[in-house]
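Reader: I'm new to reading protein models. Could you walk me through this one?

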Amino acid sequence: MTKEKLKGLVALGSVLTAIGFILLLFSVDLGLTLAENWLVRRGGMDTSIYLIGVEGYTNKILAAGSILFGLGISTLIFVYYKILTINE
């Protein structure tokens, strides 16, 4: 691998890590927003069903954020290892 490709991978890993971290931090707010939009589209519903929707949307965002954060960190670790082996 060339240094230019590794720089591109560092950028990709950084972006994935940042997006994943932001999703993890704001998962509750995003889950509430999505559940409120769902409530408006349906025209109203029981409170218990709404709370299940909030929990479901929050869990989806947590899962997506965790996956993106893990992929980003894994990419950065891989690139760091490759940079160490290229310099030797």
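Author: Sure, helices come first: helices (H or I, at least four residues) are DSSP runs, numbered from the N terminus. In this predicted model, local features need pLDDT of at least 70, side-chain atom pairs count only at pLDDT 80 or more, and totals for chains, interfaces and linings use all residues. Residues are numbered from 1 along each chain as its sequence is written, and side-chain values use heavy atoms, with hydrogens and water left out. As a case, I77 sits in helix α3, which covers residues 47-87.

Reader: Is I77 buried or exposed?

Author: Buried means under 20% relative accessible area, exposed over 50%, and partly exposed in between (1.4 Å probe, protein chains only). I77 has 55% relative accessibility, so it counts as exposed.

Reader: And T58, buried or exposed?

Author: T58 is also placed in helix α3. Its relative accessible area is 11%, so T58 is buried.

Reader: Which residues is T58 in contact with?

Author: Contact means heavy atoms within 4.5 Å. If you skip neighbours within four places in sequence, T58 touches S27, V28 and G31.

Reader: How do I read the span of helix α2?

Author: The expected span of a helix is 1.5 Å times one less than its number of residues. Helix α2 (residues 27-42) has 16 residues and reaches 22 Å from its first C-alpha to its last, close to the 22 Å expected.

Reader: Which residues in α2 are buried?

Author: They are S27, G31, A35 and W38. These cover an arc of only 55 degrees around the axis (taken from the directions from the helix axis to the C-beta atoms), so they lie on the same side of α2. The general idea: an α-helix has 3.6 residues a turn, so residues three or four places apart point the same way.

Reader: What about L34? Which residues is it in contact with?

Author: L34 belongs to helix α2, and at 36% relative accessibility L34 is partly exposed. Leaving aside neighbours within four places in sequence, L34 is in contact with Y57 and I61. L34 and V54 are 20 residues apart in sequence, and their C-alpha atoms are 7.7 Å apart in space.

Reader: What comes after α2?

Author: That's G43, whose phi is positive, near 85 degrees.

Reader: Let's finish with helix α1. Is L25 buried or exposed?

Author: L25 lies in helix α1, and with a relative accessible area of 53%, L25 is exposed.

Key. Helices (H or I, at least four residues) and strands (E, at least two) are DSSP runs, numbered from the N terminus.
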